[in-house]
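Dear colleague,

I am passing on the structure we spoke about, with the sequence alongside. Below it you will find my notes on what was found, arranged by topic.

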Amino acid sequence: MIQTNCYDVVIVGAGPSGCTAATILAEYGHRVLVLEKEKFPRYHVGESLMPFCYHVLERLGVVDQMDRLGFTQKLSVQFVTPDGGQSDPFYFFQHYDHPSSTTWQVNRDEFDHMLLQNAESKGAVVSQETKVKQFLRGEDGEIIGVLAEHADGQEVEYHAPITIDATGRDSLSISKHQWRERDPKLNKVAIWTYYKGAKRDEGLAAGSTTVAYLPERGWFWYIPLKNDIVSLGVVAERDYLFREGDTRDPAEIVDRCIGENVWIQEHLETGEQFGEYWVTGEYSYRSRYCAGDGLILVGDAFAFLDPVFSSGVFFALKSGAMAADTVHAALQAEAYDASQFAAYGQQMCESVEIMRKIVYAFYDESFSFGKLIRKYPDLRPDLTDCLIGNLKEKGFDELMGAMGEFANLPAELAYGRQGWSALKEPALPQV
């Protein structure tokens, strides 16, 4: 017999976006349930935070915990050419004086677990090792909750007027409703692993994120974590990594790429690789819709952008907080149709589009940040605002126009800005 339980909000997924939404909604006084298929703490990639993550973390009340956990302090980002030419580290505190100018390189198992425990401490109910099997629909096709299976095999229906999909790259709503739209050009592949004892730069640059270029616009990430560990990943076109007639072994591919950047090679000489080599592809996508009747998508379940500027956790936290405020307003108004979430989708897409254009420029062979700033030095503050996540206070038309002189920037994507309405659209596929 299937049991039924009722809440104000059901959140599927306990990553940063789901736990952010859960914490804020619980603080509003709503009855919140979080369903997570895994057991925390668990491994996850995406360790480098953008500075403006600070503001959501401050709202969640976890900034002091970040320091107590001993995460590596990240004060800057630097870029390195294949021949080892190293830019001066770009220190965030040179741009603005605020505690957020110091951010962190996080171990995601600890970081995500901290956010989950924080959500629980604020009153959210969390059920781990619980797999959501399907969405439940009302008489008019609206989402009214989920059917979930617990670790012991028991199936339970959880009902709520609003369900938040925070399922990450598993993207439950996108998969169930066939809403995935891949970015036309950002179909990169990433291979990553970890090193112990690798070299770190000295002084304030010790915790810097380093983006180290490869030929044909590929690149390494080099992220210093605590306990003398470095996260190392290579991102490039599939044909560059998996060359015809060459090895398909991820370890051998990474070793080959290491030999193509002098700085990376030198920094790894003292290090020892350990653990798995992880591979993922088709990085960038967005959902055709940001929401449905009784449903809203957050974090990677809504959209994911190429990781070169570490925007993943930032957009997860930002969307989780924005969705929570939007859902709170909908619950107060007792209005749960997709139109309630259109402003959320529009604002999120505007922010993603800003970063998407900068990512396109990064991969354009005619573009470099150095050339842009040398010609337009007065635009450096605008560029910096984009790269730290300060995307809401002003427009960036002048910056984008200048970047367009050096790179072929994409047209903005129309999809993702609106919700799908069961009352106005053809029926969803039955999956």
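The crossing of helices α1 and α9 is right-handed, and please bear in mind throughout that this is a predicted model. Two packed helices are described by the angle between their axes and the distance between the axes. For α1 (residues 16-27) and α9 (residues 312-333), the axes come within 7 Å of each other and cross at roughly 35 degrees. On the α1 side the contact is made by Pro16, Ser17, Thr20, Ala21, Ile24 and Leu25, while α9 contributes Ala316, Leu317, Ser319, Gly320, Ala321, Ala324, Asp325, Val327 and His328. Sorted by class, the residues in this contact of α1 with α9 are nine nonpolar, five polar and one charged.

Turning to the interior, the largest nonpolar core has 125 residues, and within it Leu57 and Phe111 touch the most other members. Helix α10 (residues 342-363) supplies the largest share of this core, with 12 residues. A separate core, lying apart from that one, has 23 residues, including Ile191, Tyr240, Ile258 and Trp263. As for Phe111, once its neighbours within four places in sequence are left aside, its contacts are Pro16, Leu49, Leu57, Met66, Phe71, Val106 and Val313. Two of these names recur elsewhere in this message, since Pro16 also belongs to the contact of α1 with α9, and Leu57 is the residue named together with Phe111 in the largest core.

The sheet comes next. Seven strands form an open sheet with mixed pairing, in the order β6-β5-β15-β16-β17-β14-β18. The edges are taken by β6 (90-91) and β18 (272-281), and because each of them has a single partner strand, one side of each is left without a neighbour in the sheet. At the β6 end, β5 (residues 76-80) runs antiparallel to β6 and is joined to it by two bridges, with Val77 standing opposite Phe90 of β6.

Towards the other edge, β14 is paired on both sides. It is joined to β17 by eight bridges, the two strands running antiparallel, and Thr193 has Leu232 of β17 as its bridge partner. With β18 the pairing of β14 is likewise in the antiparallel sense, over seven bridges, and here Lys196 has Glu272 of β18 as its bridge partner. Strand β14 is mostly covered, in that seven of its eight residues are buried.

Helix α7 (residues 250-258) lies across β14 (189-196), β16 (219-225), β17 (229-236) and β18, and runs at about 80 degrees to β14. Its buried residues are Ala251, Ile253, Val254, Arg256, Cys257 and Ile258, and what covers them includes the strands β14, β16, β17 and β18 together with the helices α6 (238-241) and α8 (262-268). Of these buried residues, Ile258 is also named among the members of the 23-residue core.

Some individual positions may merit a look as you go through the model. Tyr7 is found in the loop between β1 (3-6) and β2 (9-12), and with 18% relative accessibility it counts as buried, because the cut-off for that class is under 20%. Not counting residues up to four places away in sequence, Tyr7 touches Arg31, Val32, Leu33, Val125, Tyr158, His159, Ala160 and Pro161. Tyr7 and Gly145, although 138 residues apart in sequence, have their C-alpha atoms 9.1 Å apart in space.

The remaining notes concern the backbone. Most residues other than glycine have a negative phi, and most peptide bonds are trans. Against that background, Phe40 and Pro41 are joined by a cis peptide bond, with omega about -5 degrees, and Pro41 is found in the loop between β3 (32-35) and α2 (53-60). Asp228, which is not a glycine, has a positive phi of about 60 degrees; this residue is placed in the loop between β16 and β17, and is partly exposed, with a relative accessible area of 38%. Ser310 also has a positive phi, near 60 degrees, and is found in the loop between β22 (303-304) and α9, but Ser310 counts as buried, at 15% relative accessibility.

With best regards

Methods: Residues are numbered from 1 along each chain as its sequence is written. This is a predicted model: local features need pLDDT of at least 70, side-chain atom pairs count only at pLDDT 80 or more; totals for chains, interfaces and linings use all residues. Side-chain values use heavy atoms; hydrogens and water are left out. Axes are lines fitted to C-alpha atoms, for helices over the stretch in contact, and angles run from 0 to 180 degrees between N-to-C directions. Helices (H or I, at least four residues) and strands (E, at least two) are DSSP runs, numbered from the N terminus. A crossing is left-handed if the near helix is turned anticlockwise from the far one by less than a right angle, and right-handed if clockwise. Contact means heavy atoms within 4.5 Å. Ala, Val, Leu, Ile, Met, Phe, Trp, Tyr, Cys and Pro count as nonpolar, Asp, Glu, Lys and Arg as charged, and the others, Gly among them, as polar. A nonpolar core is a set of buried Ala, Val, Leu, Ile, Met, Phe, Trp, Tyr and Cys residues joined through side-chain atoms within 4.5 Å. Buried means under 20% relative accessible area, exposed over 50%, partly exposed in between (1.4 Å probe, protein chains only). Two strands pair if DSSP finds at least two bridges between them.
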